[in-house]
Amino acid sequence: MRGDNFKNFKQHPFFPIDIKYRVSATFTRTENAEPFDLPTSSGKSKSYREYGKASFELDGKSYTLALYQSLDLLKQKKYKDYLFLPFRDATNGKETYGGGKYMDLKIPEGDTIILDFNTSYQPYCAYNAYDYNCPIVPDENRLPVEIRAGVMYEDIYHH
């Protein structure tokens with residue numbers, strides 16, 4: 001955020017917290033995942049590897065999302081168990097940022113992981129497209145439903 005946008009900023013709008021969007025997912029580790037470059041909004045790329053998949057049900061339908069590990073962050077001890085979940089859903093471009101949302105997770109010990117979409121947030125690029133290069137959500141992580149949870153988006157930053 002720059003200039004007046006930063007000065008006038010009060011808080012982010014959020015969807016009301018809804019326990020329906022806190023789901024227990026089956027976690028399956030990806031064997032022998034190859035590193036790959038995830039394109040970013042600035043045209044650069046960042047190195048990731050798929051760490052696993054989270055399969056869950058929402059409103060009686062099954063979905064699977066891929067969870068990634070940043071190879072850059074892995075070099076820092078405090079991020080050794082950090083997982084990155086970028087996703088898109090049917091609210092993008094309307095009530096949420098067109099580029100999707102992110103969720104930060106920790107590697108689970110067992111084969112279950114809690115996905116709490118209430119904690120999902122927009123990439124920094126939603127607020128300042130000039131100074132950040134945000135990973136673009138891979139096609140495999142597009143959900144065909146509305147996830148009405150987490151931070152909402154008001155495009156006041158690009159006017």
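What percentage of the 159 residues in the protein do buried residues make up? The exercises below take up this point and then turn to single residues.

The structure is a predicted model, in which local features need pLDDT of at least 70 and side-chain atom pairs count only at pLDDT 80 or more, while totals for chains, interfaces and linings use all residues. Residues are numbered from 1 along each chain as its sequence is written, and side-chain values use heavy atoms, with hydrogens and water left out.

**Exercise 1. Describe the overall make-up of the protein.**

Step one answers the opening question: buried residues make up 39% of the 159 residues, where buried means under 20% relative accessible area, exposed over 50%, and partly exposed in between (1.4 Å probe, protein chains only).

Step two turns to the elements, which are DSSP runs numbered from the N terminus (helices: H or I, at least four residues; strands: E, at least two). The protein has one helix and seven strands, and their order from the N terminus is α-β-β-β-β-β-β-β.

Step three concerns contacts, that is, heavy atoms within 4.5 Å. Of those between residues at least 6 apart in sequence, 62% join residues at least 24 apart.

**Exercise 2. Characterise the surroundings of Lys101.**

First, locate the residue: Lys101 belongs to strand 6, which covers residues 101–106.

Next, consider charge, counting Lys and Arg as positive and Asp and Glu as negative, with His and the chain ends not counted. A salt bridge requires a side-chain nitrogen of Lys or Arg within 4 Å of a carboxyl oxygen of Asp or Glu. Lys101 is buried and has no salt bridge, since the nearest side chain of opposite charge, that of Asp89, is 5.5 Å away.

Finally, look for other partners. The side chains of Lys101 and Ser120 are joined by a polar contact of 3.3 Å, a term for a pair of N or O atoms within 3.5 Å, of which, within protein, one must be able to donate a hydrogen and the other to accept it, residues adjacent in sequence counting only if both atoms are side-chain atoms. Leaving aside residues up to four places away in sequence, Lys101 touches a set of residues that includes Phe15, Phe87, Tyr121 and Val151.

**Exercise 3. Examine the salt bridges and the burial of their partners.**

Begin with the total: the structure holds eight salt bridges. In one of them, Asp116 pairs with Arg22, with the closest N and O atoms 3.7 Å apart. This pair links distant parts of the chain, as Asp116 lies in strand 7 (residues 112–116) and Arg22 in strand 1 (residues 22–29), 94 residues apart. Asp116 is buried at 18% relative accessible area, whereas Arg22 is partly exposed at 45%.

Continue with Glu50 and Lys53, whose side chains form a salt bridge of 3.3 Å, N to O. Glu50 is buried at 15% relative accessibility, and Lys53 is partly exposed at 28%.

Close with Asp72 and Lys75, which form a salt bridge of 3.7 Å, N to O. Here Asp72 is partly exposed at 41%, while Lys75 is exposed at 69%.

**Exercise 4. Describe the hairpin of strand 2 and strand 3.**

Strands pair if DSSP finds at least two bridges between them. Strand 2 (residues 36–39) and strand 3 (residues 45–58) run antiparallel and are joined by four bridges. Asp37 has Ser47 in strand 3 as its bridge partner. Five residues lie between the strands of this hairpin, in which Gly43 takes a positive phi near 95°.
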